Every structure is written in structure tokens, then in C-alpha cells.
Amino acid sequence: MSQYLEPVEVPDPAALAHVQQLCDIAEPYAVGPELDELFVRAMNESNAWHAARSPFFARLLEAGPTGGAPLGGIDELHRLPYVHANFFKAHEVVSVPEQDVALHVTSSGTTGQKSQMFFDQWTLRNGQRMVARVFDSYGWLGEDEPVNYLLSNYQPRPGLNLGTSFTDEYLCHFAPVRSVEYALKHTGSSHEFDPFGCARALLRFAEEGAPVRILGFPAFLSFTLDRMRDLGLPPVQLDPRSLVVFGGGWKGHADKQVAKPELYRRIHDQLGIPDERIRDGYGAVEHSVLYMECANHRLHVPTWSRMLVRDVGTLEPLPYGERGYAQFVSPYITSVPAQSVLMGDLVSQHSPEECGCGLPTPWFAVHGRAGVSRNRSCAVAAAELLKGTS
């Protein structure tokens, strides 16, 4: 699987030299003053890149706290202008010519507002390389034995361009495919959650004895375990090398959400998968950096990005431990001015010492989501498919 770790070149090596240098760092959780300095230089290059190619961002940068001036240090990161993720639900903005767009994905399901995100070849391939490096750091890349996949996501169909589906399909490249089953089956006109099909797949996987990888929305696996329990099915023992990686959250279905410790315990009890091989991941189509849980189930910030937390009333930056809006910053994206994005998620950020796993970067906890009902994500649309199946 080394092809996913191969070098990728930025669109303009002269204009984006420090972006290249930052993104070429192979260790996902490296820290140090020199890396902070490199990050600032890369962000300044990223801002200049987008300002020269996006009239929207050029105006935003000039009107921001820096007045368009470069950042002087990592302690000035809070002065970066940011774009609210909801902006991309109403506007299509790009910083590359149309012919350079390699991928167009959206964030929502069958109805509702959709974030429109566009990726050039560099942004796409480097984003995939970041994911591969995180998986490789945990030893999940390059396993040779074919794997049975249960994708707790949408079965592909022509024209489906959801970011979550694209990500899960890509993750299937990290271990050889033995078979693939989907929780959301395409019916011809829509998608329907198939808990019986998921249960049958898990029983078959247990009989075959090969490793299993379960990827996608946690709600669907939770409801599948409920259905197996309700049917009186005894626990199964999947290969202990099996892996569960969640993404997408429980948005829109909070009334049936199971706390992570409880869900992880049920997965271990009913499927036999060890706790250390059950992880949640955070990401968004508007900010496609992967934030993966460590062995202590904390979402750590990787080397290629930084995180700020802003007060929900004043939007002022907050210290560790206080809850506010998540602002994610990374210079890797060249196709859309989304290098500094304010999300609707309510989070708190914490020091690495508060985790104790040994990773040296800060981590964050997601406490919920703010926003009006019409701002739906693909997780919301998927959760609606659960109604009547549990």
C-alpha cells in the first residue's frame, strides 16, 4: 500500500514551497517550535495563493484582522480570517480553473442544503496521503490478508458524490478487499437502511474467519447490534484483527445516540473486536483533514493542521477546556479558500497531557452542534433513514 504514501507535488513549487514542506512531514503528530514556524509560513503562502485567485477571499483577507498582512507567528493564528462552513452551502467558490477540478463532492444526502467542495489533484491526493499516514501510524495500512468490509454508508450509484461515501470507498484501498456490504442499499430511486442485511453480513464474516473492517456512520452499526440482540442472536467472534472506524456522527438522531463507551463495549461484547481497534474519526467535506481517535479515544490534531475554539457569542478565541465553535486551519487545500473554516460543532480543546496516550498534540471533544434545522449534513440525511427501522 506504499503508493498512498508516495510524494505529491503542489501546483506551484515556488509559490507553495512551505506548504509542500509541511505536507511532506510523514509523522502525523510531530510537534516543535520549528514546525509552528513552518506552519505559519505555509499559511501565509496559502492565503496569498487564494487571495490571488479568489476575489471573494481577497476581500475577506483584506477586511480581516491582519488587513492582508502576513502572520508573524503562531500566536497570531487567531487573527486569520475564516469562512463559516455554511457559506459553502450557498456559494460555489474555487481558486483553480474549472479544468483543474479533479473531484466535486457534497456534504448532504437526498434533500437539504449541500456544501459544494471542489478538489484539484494536489488537494485530493495530499488529503488521501494524510489519511494514509494516520492509518499507517496505527499499523492499519498494508495488511496483506483480504478483508470483509461492512460500509455503514451509502451504496454507490451513478451521480452519487457524497464526501462520506467517497472517503469510505477510499479507505477500502488500505487492505485487500474480500467482499463489501453496504448498510444503506440503493433501491433504484433512493437508499434504505438494511439492518437484516448487515446482520447477515456479520454472521457470514464470523463464519469465514477473515478480518473485518466496519467503516462509516456509528448509528447504523448500533441499530444493527440492536436488531441482532432483538432477534436473539448470540454474540459472534470476528477476527481480532478486525477494525471499526466511525465517521459522520449521530447528527439528527440524538435521541437514540449511544454514548461512545457503551457503544464500544457493545461492539466488543457482540462482535469480539478489541477496544483498541474501535476508533472514531472526525472530518468534514469543508475541511478534509482526518482527526482520528487515539487509543484513549481522544481526537488529536495532526501536524498538518491547527485548531481554535471560539466563543459562541463573541467569537473570541477560548483557552483549553472551554466550549465553543471549532475553527480548523490548514494550508493544504489549494482548490477552494477553505484553509480556515469555522464549523457549527461545539467543541473543547485540551492539552496532550490531559489525554495520557503519549501523542504530543492537543486533542478535542465534540459536545454537539449549533445551527438551524435547515442546515443538514449527510449524517442528518442518513439518520432519517433510520426512522422506522429500530
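A pocket is an open set of grid points with protein on both sides within 12 Å along at least five of seven lines. The exercises below use this term and others on a predicted model.

**Exercise 1. Describe the second largest pocket: its space, its lining and the class of its lining residues.**

Step 1. Start with the volume. The second largest pocket holds about 400 Å³ of space.

Step 2. Turn to the lining. It consists of 22 residues. Those nearest the centre of the pocket are Arg306, Met307, Tyr320, Gln349 and Pro362.

Step 3. Find the main contributor. Strand 12 (residues 306–310) gives the most to this lining, with 4 residues.

Step 4. Sort by class. The lining has 16 nonpolar, 4 polar and 2 charged residues.

**Exercise 2. Decide whether helix 8 (residues 218–230) has the span expected of its 13 residues, and whether it is enclosed or not.**

Step 1. The expected span is 1.5 Å times one less than the number of residues. For the 13 residues of helix 8 this gives 18 Å.

Step 2. Compare with the model. The end C-alpha atoms of helix 8 are 18 Å apart, which agrees.

Step 3. Count buried residues, that is, those under 20% relative accessible area. In helix 8, 11 of the 13 residues are buried, so the helix is largely enclosed by the rest of the structure. Among them are Pro218, Phe220, Leu225 and Met228.

Step 4. Look past the end. Just after helix 8, Gly232 takes a positive phi of about 75°.

**Exercise 3. Repeat the analysis for helix 5 (residues 121–137), then place Asn126 in it.**

Step 1. The 17 residues of helix 5 should span 24 Å at 1.5 Å a residue, and the end C-alpha atoms are indeed 24 Å apart.

Step 2. Of these 17 residues, 13 are buried, so helix 5 is largely enclosed by the rest of the structure.

Step 3. Asn126 lies in helix 5. Its relative accessible area is 0%, which means that Asn126 is buried.

Step 4. List the contacts of Asn126, leaving aside neighbours within four places in sequence. They are Val8, Cys23 and Tyr332.

Step 5. Just after helix 5, Gly139 takes a positive phi of about 80°.

**Exercise 4. Is Gln270 buried or exposed, and which residues does it touch?**

Step 1. Locate the residue. Gln270 lies in helix 9 (residues 260–271).

Step 2. Apply the cut-off. Gln270 has 14% relative accessibility, so it counts as buried.

Step 3. List the contacts, not counting residues up to four places away in sequence. Gln270 touches Leu225, Met228, Arg229, Pro235 and Val236.

Step 4. Compare sequence and space. Gln270 and Pro235 are 35 residues apart in sequence, but their C-alpha atoms are 4.3 Å apart.

Step 5. Look at the side chain. A polar atom of the Gln270 side chain lies 3.2 Å from the backbone oxygen of Leu225. Leu225 is one of the buried residues of helix 8.

**Exercise 5. Where does Thr361 lie, and what does it touch?**

Step 1. Thr361 lies in the loop between strand 14 (340–350) and strand 15 (363–369).

Step 2. Its relative accessible area is 3%, so Thr361 is buried.

Step 3. Not counting residues up to four places away in sequence, Thr361 touches Tyr29, Ala30, Val31, His300, Val301 and Pro352.

**Exercise 6. Summarise the protein chain as a whole.**

Step 1. The chain has 10 helices and 15 strands.

Step 2. Of its 390 residues, 54% count as buried.

Step 3. Among contacts with a separation of 6 or more, 71% join residues 24 or more positions apart.

Terms used:
Residues numbered from 1 in each chain as written. Predicted model: local features only at pLDDT ≥ 70, side-chain atom pairs only at ≥ 80, totals over all residues. Heavy atoms only, no water. 1 Å grid on protein atoms, 1.4 Å probe; cavity = no way out; pocket = protein on both sides within 12 Å on 5 of 7 lines; lining within 4 Å. Points joined across faces, edges and corners; volume = space filled by probe spheres on them. Helix = DSSP H or I, 4+ residues; strand = E, 2+ residues; numbered from the N terminus. Nonpolar A, V, L, I, M, F, W, Y, C, P; charged D, E, K, R; others polar. Buried < 20%, exposed > 50% of the residue type's maximum accessible area, 1.4 Å probe, protein only. Contact = heavy atoms within 4.5 Å. Polar contact = N/O pair within 3.5 Å; in protein donor to acceptor, adjacent residues only side chain to side chain.
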